[in-house]
Amino acid sequence: MNDFLTPQAKQFLSQSIPQFINGTWINSESGKTTDVIDPSSGSKIATVSSGDAQDVNLAVVTADKAFKNWSALSPAERAQYLNRLADKLESESETLAQLEALDVGKAFVNADGFDIPFGIECVRYYADLAVNADYGKTLDLKDMDARVHRAPYGVCGFIFPWNFPFDLLMWNVIPALAAGNTVVIKPAELTPLTTLYVCKLAEEVGIPAGVINVVVGAGRAVGTPLIEHPKTRRISFTGSSGVGKQIASMCGQRPIPCKLELGGKGAAVIFDDADIDNAVEQLAGAITLNTGQVCCTATRWLIHENIYDQFVEKVTTKLKSTVIGPGIDPKTEMGPVVSQAQQNTVLEYLDKGLTEGAVEVLAGGKVSVNGHDGGYYVSPYLLTGSPNNICFKEEIFGPAAFLVKFKTEGEALELVNSLEYGLANSVFSRDIERCNRVAEQMIAGNSWINAHNVFAYGLPYGGINMSGVGGGVNSPETFYDYLRELTIARPLG
């Protein structure tokens, strides 16, 4: 491992890493720690401080005090801080990519080629947007001088999963900061390293103490007190639909605004006039990207019966050639899943699917990588059978897809919309009129044409139904989510 690491990464991992509260690195009140495990080998990467309600209280109170000065800065002044942070992140992008690859197990080529640069772009996007945003509007009302003023909420709490630690941090926290809020962040216990390293860089560029605070710990120990704290004004959660429902209920008891970006079971519809090579490239890439641990990826492949055999032949050949290995190795195309528990989950779904009558189109499962016997590796697998199969209906979060033939456009749409999820789907056809017609009828937050996993700043991304509520990411709408509206009115005469 150390052969690949930058000196900065080696130095960062050589210590027991504390929490970051009020611009200071401090150990948790309890003194507890947790080990961060490399999923490529099963060995320890680092040790981090593990917090609880006492640490959350300190972080929230600190953020609340810092809010007064941070919100009083002009948007241009806040943008200066964020642009300095972006410059610093850019100068340390290789170290960030290495930490992300080590922590999650994802291929370094993906972390370095997409995750880190796209996350840095987010900082610049919202810094610019903050300067040019509309912070109010005049209301044209009879006999009244009236307007709407947009102001930040205060302390915003963030709870993140383990699959895209850096990008989810950027996509959610940066617009909140740009809008004038302060933040308390609970990263996933499994993957806290890039979040903590960002704190180090934020400290170095002079972002004021208390504006960014991070407490690592279990959901009940850290997440619950963060949601319930009386000074937390807004919560954002990314993760499973089941936990999202619990968090929505907790926020509703207070009540405070809650943004949820939850799970998905995306469908891809491949018509018989599609560019098959492109569809194969896109969908094989979808389930191998981050080892399939992507909430919006396509894991239900609906293939027109006229091209089914041809598509299957090409996609199985493509998947069999995938280079599986430790994420930090530059030659790796697909790393391990994030943990032993996740490996067990992915393999259990395979067993359950087969038990319910699914047929293996491409056999997969647990694999060993030479020299990394302790890693949590799973090779891609493809199943086919009835849409009633558990592997068609439930999110697996691994390198797996379920294939179903269809005859008509209506049949395909019925299959797409048969589940309660609503995050992202795609349609593949050379007939763009048909693509748009089908895309509009897909029940989801996002429909993509002749591609899957399409992201750009300014392109809204979010879910509906069991896949989310309360706003999305990556667009001006995200920024305005972190500003509350205040009406100001004066009667005339």
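Hi everyone, this is a short walk through two sheets and two helix pairs in the structure above. Please keep in mind that we are looking at a predicted model.

Let's begin with the seven-stranded sheet. Its strands follow the order S15-S18-S19-S14-S13-S20-S21, the sheet is open, and the pairing is mixed. At the edges you'll find strand S15, residues 359-362, and strand S21, residues 446-449, each of which pairs on one side only. Going from one strand to the next, the twist averages 25°.

Now come with me to the S15 edge. What joins S15 to strand S18, residues 381-384? Three bridges do, and the two strands pair in the antiparallel sense. If you want a spot to click on, Val359 stands opposite Thr384 in S18. There is a helix here too: H12, residues 340-355, lies across S15 and S18, and runs at about 25° to S18.

On to the other sheet, which has three strands in the order S6-S7-S23. This one is also open, and its pairing is antiparallel. Strand S6 (136-141) and strand S23 (483-491) are at the edges with a single partner strand each, so one side of each has no neighbour in the sheet. Here the twist averages 20° from one strand to the next. Strand S7, residues 144-152, runs antiparallel to S23, and nine bridges join them. Look for Arg147, which stands opposite Ile488 in S23.

Now the helix pairs. How do helix H4, residues 93-104, and helix H7, residues 193-204, cross? Their axes come within 9 Å and cross at roughly 155°. Angles over 145 degrees count as roughly antiparallel, and that is why H4 is described as roughly antiparallel to H7. On the H4 side, the contact is made by Thr95, Leu96, Leu99, Glu100 and Asp103; H7 brings Leu193, Thr194, Tyr197, Val198 and Leu201. Sorted by type, the residues of this contact are six nonpolar, two polar and two charged.

Last stop: helix H3, residues 75-91, with helix H6, residues 165-178. These pack at an angle of about 160°, their axes 10 Å apart, which means that H3 is roughly antiparallel to H6. The crossing of H3 past H6 is right-handed. Which residues make the contact? From H3 they are Arg78, Leu82 and Leu89, and from H6 they are Phe166, Met170, Ile174, Leu177 and Ala178. The residues of the H3 contact with H6 divide into seven nonpolar, one charged and no polar.

That's the tour, and thanks for listening!

Notes. Residues are numbered from 1 along each chain as its sequence is written. This is a predicted model: local features need pLDDT of at least 70, side-chain atom pairs count only at pLDDT 80 or more; totals for chains, interfaces and linings use all residues. Side-chain values use heavy atoms; hydrogens and water are left out. Two strands pair if DSSP finds at least two bridges between them. Helices (H or I, at least four residues) and strands (E, at least two) are DSSP runs, numbered from the N terminus. Axes are lines fitted to C-alpha atoms, for helices over the stretch in contact, and angles run from 0 to 180 degrees between N-to-C directions. Contact means heavy atoms within 4.5 Å. Angles under 35 degrees count as roughly parallel, over 145 as roughly antiparallel, 65 to 115 as roughly perpendicular and the rest as oblique. Ala, Val, Leu, Ile, Met, Phe, Trp, Tyr, Cys and Pro count as nonpolar, Asp, Glu, Lys and Arg as charged, and the others, Gly among them, as polar. A crossing is left-handed if the near helix is turned anticlockwise from the far one by less than a right angle, and right-handed if clockwise.
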